[in-house]
Amino acid sequence: MIYRVVTRKTPYETKPRSGKPHVTDIPSNRRIQRMASSQKMSVREITGASRLQISKNTVHRRIIESGYMIHAKMVRRLPLSKLHISKRLQWARNHMSYGDKWMAVLFSDEKNGTSMDLTGI
């Protein structure tokens with residue numbers, strides 16, 4: 001099989017695929033991926049900003065086809081209640097005069113597993 005491909009007089013070309021061709025071309029795909037990665041735009045906003053008449057499903061497919069972007073829905077958070085705001089303010093007021101005691105506090109970033117020790121500063 002490989003011998004036939006190597007010794008062929010005409011260059012090897014892939015066969016045309018069946019099915020409907022893509023509406024978007026390679027530069028349009030790149031533009032869609034750039035909008036999705038560099039700006040916080042939703043699929044609907046990207047569809048409106050693109051110069052093509054394409055559906056939001058097509059935009060979503062092009063983003064997924066890029067392979068390096070991960071879909072994650074933003075977590076919706078409720079706004080702080082009046083009680084929570086007052087408790088936070090009270091905690092901040094109580095700790096404003098903490099002074100040198102802050103040097104004994106160890107701040108840690110549990111997400112990355114790293115910690116920042118401020119005792120040596």
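**Reading the helices of a predicted model**

Guide: Welcome! Of the 121 residues in the protein chain, 14% are buried, where buried means under 20% relative accessible area, exposed over 50%, and partly exposed in between (1.4 Å probe, protein chains only). This is a predicted model, in which local features need pLDDT of at least 70 and side-chain atom pairs count only at pLDDT 80 or more, while totals for chains, interfaces and linings use all residues. Residues are numbered from 1 along each chain as its sequence is written, and side-chain values use heavy atoms, with hydrogens and water left out.

Visitor: How many helices and strands should I look for, and in what order do they run?

Guide: Helices (H or I, at least four residues) and strands (E, at least two) are DSSP runs, numbered from the N terminus. Here the protein chain has 5 helices and 2 strands, and their order from the N terminus is α-α-α-α-α-β-β.

Visitor: What is the accessible surface of the protein chain?

Guide: Such areas come from the Shrake-Rupley method with a 1.4 Å probe; for residues, only the protein chains shown count as cover. For this protein chain the total is about 11600 Å², with 56% belonging to carbon and sulfur atoms.

Visitor: Let's take one helix. What span does H2 reach?

Guide: The expected span of a helix is 1.5 Å times one less than its number of residues. H2 (residues 26-38) has 13 residues and reaches 18 Å from first C-alpha to last, close to the 18 Å expected at 1.5 Å a residue.

Visitor: Which residues of H2 are buried, and which are exposed on the other side?

Guide: The buried ones in H2 are Ser28, Asn29, Ile32, Gln33, Met35 and Ala36. They share one side of H2 because they cover an arc of only 160 degrees around the axis, the arc being that of the directions from the helix axis to the C-beta atoms. Across from them, Ile26, Arg34 and Ser38 of H2 are exposed.

Visitor: What do the buried residues of H2 pack against?

Guide: Their partners are helix H3 (43-49) and helix H4 (56-65). Contact means heavy atoms within 4.5 Å.

Visitor: How do I describe two packed helices?

Guide: You give the angle between their axes and the distance between the axes. Axes are lines fitted to C-alpha atoms, for helices over the stretch in contact, and angles run from 0 to 180 degrees between N-to-C directions. For H2 and H4 the angle is about 85 degrees, with the axes 9 Å apart. H2 is therefore roughly perpendicular to H4, a term for angles of 65 to 115 degrees. Asn29, Ile32, Gln33 and Ala36 of H2 make the contact with Val59, Arg62 and Ile63 of H4.

Visitor: And which residues are buried in H4?

Guide: Thr58, Val59, Arg62 and Ile63 are buried there. Down the axis of H4 they fall within an arc of 135 degrees, so they line one face of the helix. The buried residues of H4 pack against H2 and H3.

Visitor: Is arginine 62 buried or exposed, and what does it touch?

Guide: Arginine 62 counts as buried, at 3% relative accessibility. Leaving aside residues up to four places away in sequence, arginine 62 touches His22, Val23, Thr24, Asn29, Ile32 and Gln33.

Visitor: What about alanine 49 in H3?

Guide: Alanine 49, in helix H3, counts as partly exposed at 43% relative accessibility. Not counting residues up to four places away in sequence, alanine 49 touches Met35 and Met41.

Technical notes: Parallel < 35°, antiparallel > 145°, perpendicular 65-115°, else oblique.
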